[in-house]
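Work through the exercises below with the sequence and coordinates open. Try each task before you read its solution.

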Amino acid sequence: MSRDAFHEHKVGEYLSAVTNSDRPPRTENRPARRAGPRTVLPRPGPRTLFTKVLVANRGEIALRVIRAARELGIRSVAVYSDADSRAIHVREADEAIYIGASPSAESYLVGDRIIEAARKTGAEAIHPGYGFLSEREWFARAVRDAGLIFVGPPAEAIAAMGSKTAARQLAISVGTPVVPGTTTPLESLADAVESADRFGYPILLKAASGGGGKGMRIVRDKSELGSALESAKREAKGAFGDDAVYIEKYVEQPRHVEIQVLGDAHGAMVHLGERECSVQRRHQKMIEEAPSVVVTPELRARMGAAAVAAAKAAGYVNAGTCEFLLDKNGDFYFLEMNTRIQVEHPVTELVTGIDLVQWQLRIAAGERLPFVQENIAPKGWAIECRITSEDPANGFLPSTGTVQYLHVPAGPGIRWDGGIEAGSEISLFYDPMVGKLIVYAPTRDAAVARMHRALLELTVSGIETSRDFHLRVMEDAEFRRGEIDIQWLERRLPSLLAVKPPLETLRVAAIAAALLAERDRRTPRVKTNVGHDGGHDGGHDGGHNGGHNGDSAWTRLARLEALRD
Ligand code: MV4
């Protein structure tokens, strides 16, 4: 589609939606109800969905929500900061509204301004995405108090799961297994010593208000307990403004397996199976998959029931995730609940066929879930690699700059949830995740092979990315056998990064270097802008029509360079 045709299409769609206003005037606290039949987009059956949603986020998740809304016939409003004035989510939404300076504390985290933007644009609902305001109880409450719909759980459910000790008590009350430990904060060193003796070393000190590993200390011996307690309290106070710390028995080399739940406002709740998220570094997940190699249908049913019970105990509604540790004996323990849509939600969507973001919107509008637990079973295998602007060869140092060229993989079983394009500025203001590459295939082996193929096709130039790191993981024998736990990546990282490039890559790099040197010798001082004009489209067509489909990204880049001028 040409640029102009694209715009006509969008503007046309928007205008017809706006002019289709044969409905009663909207009141403050009531979602608009459509009066007559709608002719703009085909819609599956009568519904009472709202007509406009504000997306309080940026990057790939903002785009993901905009796309879900558009498929449901809901218009979208983007918000943006200075740094994002030319971002994709701003262009792809039906409307966009400026909310402040580049630092998120002055834009994406300013709840009042976002609520004001929703009022101004007539949006009836706010989708928070993940991060930013998504798990702030006060924001969910403020949205509701403004007469708007928060696309997420009730503020009370966010609060119930926000305190880890309260969440543990909730879980225990409904029979969901938790790691042995205390359910109230430690009162003194003597209290800590007594509790640690009771559960047995090694133990883990955790912040009651924590999450993400902050304020956590492993204690292997009584002699370390005093200083560990002090430093855990100090870190918890600094990070959460709350120095409450409690004790859990330390679980050695577990997997991180989480269960997706989906509940409607009428009391129905199902689980959508597990995601295996053990491949992480410093509490940042890098690769997720569904299902997990170690989860049998019987274990899935037990973990699912445990997750649903804990979520129901919190009065949970909408999409949420219960995190578990799964140990070598197959015993599982509830850790905490994430009260938002998560980065890794696509792998669940692919194996269940259920569009989680669409269901978030439909549940928020009061719809009932049409499926029951018996109808839900994972089919096939999905893997997600988070593509970040970090340099694995340099200790995952964040990389900044302009994306000069982007070639996104395609073909069977590929999904790209990205937030960048050629020309995008990658700054240090926001999260380094620039996109997610997700694959689906009938089996795990086929999914790993497909991810490897897709990563070879992916080319991002202008910034460093984690792409080559992911290629090395897909080639790793232990990963391919599914022998992973939460420490696997840090154990394996040195050998993963030491892998020498294949001979083919070295050869192509040498050819590229020779071609570049030859060109510069003939036309000195000519600086080229890699792939900006002819490059993007040329990359797509040239790469696939020229009979070079099996070539590596390096080969394509080299060919592109060779053909320039
Ligand atoms: C644990 C644990 C071992 N034993 N609790 C880390 C962040 C927070 N969500 C809980 N975490 C852990 N809790 C007990 N009793 C190990 C971790 C942990 C971890 C958990 C999930 C994913 C990655 C992790 C990395 C390091 C430690």
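**Exercise 1. A buried glutamate**

Task: In this predicted model, find the polar partners of the side chain of Glu274, and state whether Glu274 is buried or exposed.

Solution.
- Step 1. Start with the side-chain pair. The side chain of Glu274 makes a polar contact with the side chain of Arg300, at 2.7 Å.
- Step 2. Look for backbone partners. The backbone nitrogen of Ser292 lies 2.9 Å from the side chain of Glu274.
- Step 3. Place the residue. Glu274 belongs to strand S10, residues 269-281.
- Step 4. Check the cover. The relative accessible area of Glu274 is 3%. Buried means under 20%, so Glu274 is buried.
- Step 5. List the neighbours, leaving out residues up to four places away in sequence. Glu274 touches Val257, Glu258, Ile259, Glu289, Ala290, Pro291, Ser292, Val295 and Arg300. Both polar partners, Ser292 and Arg300, are in that list.

**Exercise 2. The ligand site**

Task: Determine which protein atoms lie opposite nitrogen atoms of the ligand in Glu248, Lys249 and Val251. Then describe the shell around the ligand.

Solution.
- Step 1. Take the side chain. An N or O atom in the side chain of Glu248 is 2.9 Å from a ligand nitrogen.
- Step 2. Take the backbone. A polar backbone atom of Lys249 is 2.8 Å from a nitrogen atom of the ligand. For Val251, a polar backbone atom is 3.0 Å from a ligand nitrogen.
- Step 3. Work out the cover. The ligand alone exposes 510 Å², and the protein buries 91% of that area.
- Step 4. Find the elements that supply two or more shell residues. They are strand S6 (203-207), strand S8 (245-249), strand S12 (318-326) and strand S13 (332-338).
- Step 5. Count the shell. The ligand is surrounded by 17 residues, and the closest are Lys206, Glu248, Lys249, Val251 and Glu336.
- Step 6. Sort the shell by type. It holds 8 nonpolar, 4 polar and 5 charged residues.

**Exercise 3. An enclosed strand and a helix residue**

Task: Identify the strands that pair with S21. Explain why S21 counts as largely enclosed. Then find what Met451 touches.

Solution.
- Step 1. Find one partner. Strand S14 (residues 381-388) pairs with S21 in the antiparallel sense over 8 bridges. In this pairing, Glu384 stands opposite Ile438.
- Step 2. Find another partner. Strand S19 (residues 414-418) is also antiparallel to S21, over 5 bridges. Here Gly418 stands opposite Gly435.
- Step 3. Test the enclosure. S21 spans residues 433-441, and 8 of its 9 residues are buried, so the rest of the structure largely encloses it.
- Step 4. Turn to the helix. Met451 sits in helix H13, residues 444-457. Its relative accessible area is 0%, so Met451 is buried.
- Step 5. List the contacts of Met451 beyond four places in sequence. They are Ile383, Glu384, Cys385, Leu437, Ile438, Val439 and Met474. Glu384 and Ile438, the pair that stands opposite across S14 and S21, are both among the residues that Met451 touches.
- Step 6. Compare sequence with space. Met451 and Ile383 are 68 residues apart in sequence, yet their C-alpha atoms are 7.5 Å apart.

**Exercise 4. A parallel sheet and the loop after S3**

Task: Give the strand order of the open sheet of 5 strands. Then classify Pro103 by its accessibility.

Solution.
- Step 1. Write the order. The sheet runs S3-S2-S1-S4-S5, with parallel pairing.
- Step 2. Mark the edges. Strand S3 (95-100) and strand S5 (149-150) each pair on one side only.
- Step 3. Inspect one pair. Strand S1 (residues 52-55) and strand S2 (residues 75-81) run parallel and are joined by 4 bridges. Lys52 stands opposite Arg75 in S2.
- Step 4. Move to the loop. Pro103 lies between S3 and helix H4 (111-121). Its relative accessibility is 28%, so Pro103 counts as partly exposed.
- Step 5. Check a long-range pair. Pro103 and Leu428 are 325 residues apart in sequence, and their C-alpha atoms are 9.3 Å apart.

**Exercise 5. The whole protein**

Task: Summarise the secondary structure, the burial and the contacts.

Solution.
- Step 1. Count elements. The protein has 19 helices and 22 strands.
- Step 2. Count burial. Of the 565 residues, 54% are buried.
- Step 3. Take contacts with a separation of 6 or more. Residues 24 or more positions apart account for 66% of them.
- Step 4. Add the surface. The accessible surface is about 24500 Å², and carbon and sulfur atoms contribute 54% of it.

Notes. Residues numbered from 1 in each chain as written. Predicted model: local features only at pLDDT ≥ 70, side-chain atom pairs only at ≥ 80, totals over all residues. Heavy atoms only, no water. Near = heavy atom within 4 Å. Polar contact = N/O pair within 3.5 Å; in protein donor to acceptor, adjacent residues only side chain to side chain. Areas by Shrake-Rupley, 256 points an atom, 1.4 Å probe, with all protein chains shown as cover. Nonpolar A, V, L, I, M, F, W, Y, C, P; charged D, E, K, R; others polar. Buried < 20%, exposed > 50% of the residue type's maximum accessible area, 1.4 Å probe, protein only. Contact = heavy atoms within 4.5 Å. Pairing = 2+ DSSP bridges.
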